[in-house]
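Me: I am new to this structure and would like a close look at a single part of it, with enough of the surroundings to place that part. Please take it slowly and connect each step to the next.

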Amino acid sequence: MTPKHELTAEQRQELLITLKERFEKTIERHEWMQWDKIQERLEANPEKLWSLHEMERTGGEPDVLEFDEANNEYIFYDCSPESPSGRRSVCFDQKALDSRKKNKPENSAMAMAEEMGIELLSEEQYRLMQQHGTFDVKTSSWVQTPPDIRDKGGALFCDSRYGHVFLYHNGADSYYAARGFRGLVRV
């Protein structure tokens, strides 16, 4: 038996194969990067591998889109064509979940992201992701929300329609079958 946030050797191997295949299939997203260096970093950080496994398990199709030179980190984003299927029908955060009296969703985006060890995308990160493909043309994704908006009960989400990325607002306690969240993990 493995601890809660640790993968078995078989899970690690399967995940590394999946990530490498995706990396090679979408090389235009990161043609300046070398898979061997990324894999070396992943193997040295089992907790990050676990987070990537959770992203994969919930339908996120993680792929490396950035390298942060200042912090020496590869950054994996959820790159599934639509908002990850295993992370939809969630309100924004625990406060929003607690405020619902009827028809509560099972979870919130912020709580799930924390459990998975990932960060919710910011609006800027969401727009950067959209430069590497077309995402969320039928769904939408919660994004980080400034405190002044959240304090008033709102939360932000994004999608892509008509060839443009849109930022919207909604009550943080709302949830829809077509709205989930995307995240990232730094390795």
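Me: Where does Ser-51 lie, is Ser-51 buried or exposed, and what is Ser-51 in contact with once its neighbours within four places in sequence are left aside?

Reply: Since this is a predicted model, everything that follows describes computed coordinates. Ser-51 belongs to helix α3, which covers residues 46-57. Its relative accessibility is 4%, and because buried means under 20% relative accessible area, Ser-51 counts as buried. If the neighbours within four places in sequence are set aside, the contacts of Ser-51 are with Met-116, Gly-117, Ile-118 and Val-185.

To place that helix, it helps to turn to the interior. The largest nonpolar core has 34 residues, and those that touch the most other members are Ile-38, Leu-42, Leu-52, Phe-76, Trp-142 and Phe-181. Helix α3 is one of the elements that give two or more residues to this core, and the others are α1 (9-25), α2 (35-43), β2 (73-78), α4 (94-99), α5 (109-116) and β5. Leu-42 shows how such a residue is surrounded: apart from neighbours within four places in sequence, Leu-42 is in contact with Leu-16, Leu-19, Trp-35, Leu-49, Leu-52, Phe-76 and Val-187. There is also a second, separate core of 13 residues, and among its members are Ile-75, Cys-79, Phe-135 and Cys-158.

Strand β5, already named as a contributor to the largest core, deserves a look of its own. This strand runs over residues 154-161 and is mostly covered, with seven of its eight residues buried. On one hand, β5 pairs in the antiparallel sense with strand β4 (residues 140-143) over three bridges, and within that pairing Cys-158 of β5 is the bridge partner of Ser-141. On the other hand, β5 also pairs in the antiparallel sense with strand β6 (residues 164-171), over eight bridges, where Asp-159 has Phe-166 in β6 as its bridge partner.

The hairpin of β5 and β6 has two residues between the strands, and Tyr-162 there takes a positive phi near 55 degrees. As a general point, most residues other than glycine have a negative phi. Tyr-162, found in the loop between β5 and β6, is a residue other than glycine with a positive value, and with a relative accessible area of 76% Tyr-162 is exposed. Asn-72 is likewise not a glycine and has a positive phi of about 55 degrees. Asn-72 sits in the loop between β1 (62-68) and β2, and at 43% relative accessibility Asn-72 counts as partly exposed.

Stepping back to the whole chain, the protein has seven helices and eight strands. Its radius of gyration is 17 Å, close to the 16 Å that the globule rule gives for 187 residues, so the protein is as compact as a globular protein of that length. The C-alpha trace spans about 50 × 45 × 30 Å along its principal axes, and of the 187 residues 48% count as buried. Among contacts with a separation of 6 or more, 62% are between residues 24 or more positions apart. The accessible surface comes to about 10,000 Å², and carbon and sulfur atoms hold 48% of this surface.

Returning to the part you asked about, Ser-51 is thus best pictured as a buried residue of helix α3, a helix that gives two or more residues to the largest nonpolar core.

Technical notes:
Residues are numbered from 1 along each chain as its sequence is written. This is a predicted model: local features need pLDDT of at least 70, side-chain atom pairs count only at pLDDT 80 or more; totals for chains, interfaces and linings use all residues. Side-chain values use heavy atoms; hydrogens and water are left out. Helices (H or I, at least four residues) and strands (E, at least two) are DSSP runs, numbered from the N terminus. Buried means under 20% relative accessible area, exposed over 50%, partly exposed in between (1.4 Å probe, protein chains only). Contact means heavy atoms within 4.5 Å. Two strands pair if DSSP finds at least two bridges between them. A nonpolar core is a set of buried Ala, Val, Leu, Ile, Met, Phe, Trp, Tyr and Cys residues joined through side-chain atoms within 4.5 Å. The radius of gyration is taken over C-alpha atoms; the globule rule is 2.2 Å times the number of residues to the power 0.38. Accessible areas come from the Shrake-Rupley method with a 1.4 Å probe; for residues, only the protein chains shown count as cover.
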